[in-house]
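I opened the notebook today to look up a few things in this model, one entry at a time. Here is what I wrote down along the way.

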Amino acid sequence: MEEPVIKMSACTGCEICVDECPTDVFAMEADNKAHVIAPQECIDCHLCEEDCPTEAIHLVAA
């Protein structure tokens, strides 16, 4: 299994990962950036990694 990791310095807060994730792994937080809130729910679909316009998300081995 893999889990997403967000490079916060690259995240622009576009919310694409929040909208695209079928299992609600991400949420927007008070800093207006996406955060991984449920890594155990990740199904390795890679939609977040593929759709992130700034390449801020990468899936890594859990």
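**Entry 1: Glu41**

I started with Glu41, which sits in the loop between strand 3 and helix 2. The model is a predicted one, so I read every value here as computed from it. Is Glu41 buried, partly exposed or exposed? Its relative accessibility is 39%, and Glu41 therefore counts as partly exposed. I then asked what Glu41 touches once residues up to four places away in sequence are not counted. Thr23 and Val25 came up. I also checked Glu41 against Cys21: they are 20 residues apart in sequence, and their C-alpha atoms are 10 Å apart in space.

**Entry 2: Ile43**

Next I moved along to Ile43, which also lies in the loop between strand 3 and helix 2. With neighbours within four places in sequence left aside, Ile43 is in contact with Pro22 and Thr23. For Thr23 I looked up the spacing too: 20 residues separate it from Ile43 in sequence, and 7.6 Å in space, C-alpha to C-alpha. Thr23 is thus a name I have under Glu41 and under Ile43.

**Entry 3: Ala38**

How accessible is Ala38, buried or exposed? The relative accessible area of Ala38 is 10%; the cut-off for buried is under 20%, so Ala38 is buried. Ala38 is placed in the loop between strand 3 and helix 2. Not counting residues up to four places away in sequence, Ala38 touches Asp24 and Val25. I noted one distance for Ala38 as well: its C-alpha atom is separated by 9.7 Å from that of Pro4, 34 residues apart along the chain.

**Entry 4: Glu50**

For Glu50 I left the loop and went into helix 2. Glu50 has a relative accessibility of 56% and counts as exposed. Between Glu50 and Val25 I found 25 residues in sequence and 15 Å in space, C-alpha to C-alpha.

**Entry 5: two backbone angles**

I looked for positive phi values next. Most residues other than glycine have a negative phi. Which angle does Asn32 show? Its phi is positive, about 60°, although Asn32 is not a glycine. Asn32 lies in the loop between strand 2 (26-28) and strand 3 (34-36), and it is exposed, at a relative accessible area of 58%.

His46 went on the page beside it. The phi of His46 is near 70°, again a positive value in a residue other than glycine. The loop between strand 3 and helix 2 (47-51) is where His46 is found. With 23% relative accessibility, His46 counts as partly exposed.

**Entry 6: the chain as a whole**

Then I stepped back. How many helices and strands does the protein chain have? I noted 2 helices and 4 strands. Read from the N terminus, the elements go β-α-β-β-α-β. The radius of gyration is 10 Å, close to the 11 Å that the globule rule gives for 62 residues, so the chain is as compact as a globular protein of that length. Along the principal axes, the C-alpha atoms fill a box of roughly 30 × 20 × 20 Å.

I added some totals. Of the 62 residues, 29% count as buried. The chain exposes about 3,700 Å², with 50% of that supplied by carbon and sulfur atoms. Among contacts with a separation of 6 or more, 50% come from residues 24 or more positions apart.

**Entry 7: the core and Phe26**

Which residues of the largest nonpolar core touch the most other members? This core has 14 residues, and Ile6, Cys17, Phe26, Cys48 and Ile57 are the ones. I picked Phe26 for a closer look. Leaving aside neighbours within four places in sequence, its contacts include Pro4, Ile6, Cys17, Val18 and Cys21. Also on the list for Phe26 are His35, Val36, Ile37, Cys48 and Ile57.

**Entry 8: empty space**

Last, I checked for cavities. Rolling a probe the size of a water molecule over the atoms shows where empty space is left. The structure holds 2 cavities of 30 Å³ or more, and the largest cavity has about 100 Å³ of space. It is lined by 14 residues, of which Cys11, Cys14, Cys17, Cys52 and Ile57 are the closest to its centre. I marked Cys17 and Ile57 in the margin, since both names are also in my core entry.

Conventions. Residues numbered from 1 in each chain as written. Predicted model: local features only at pLDDT ≥ 70, side-chain atom pairs only at ≥ 80, totals over all residues. Heavy atoms only, no water. Core = buried A, V, L, I, M, F, W, Y, C linked by side-chain atoms within 4.5 Å. Buried < 20%, exposed > 50% of the residue type's maximum accessible area, 1.4 Å probe, protein only. Contact = heavy atoms within 4.5 Å. Rg over C-alpha atoms; globule rule 2.2 N^0.38 Å. Areas by Shrake-Rupley, 256 points an atom, 1.4 Å probe, with all protein chains shown as cover. 1 Å grid on protein atoms, 1.4 Å probe; cavity = no way out; pocket = protein on both sides within 12 Å on 5 of 7 lines; lining within 4 Å. Points joined across faces, edges and corners; volume = space filled by probe spheres on them.
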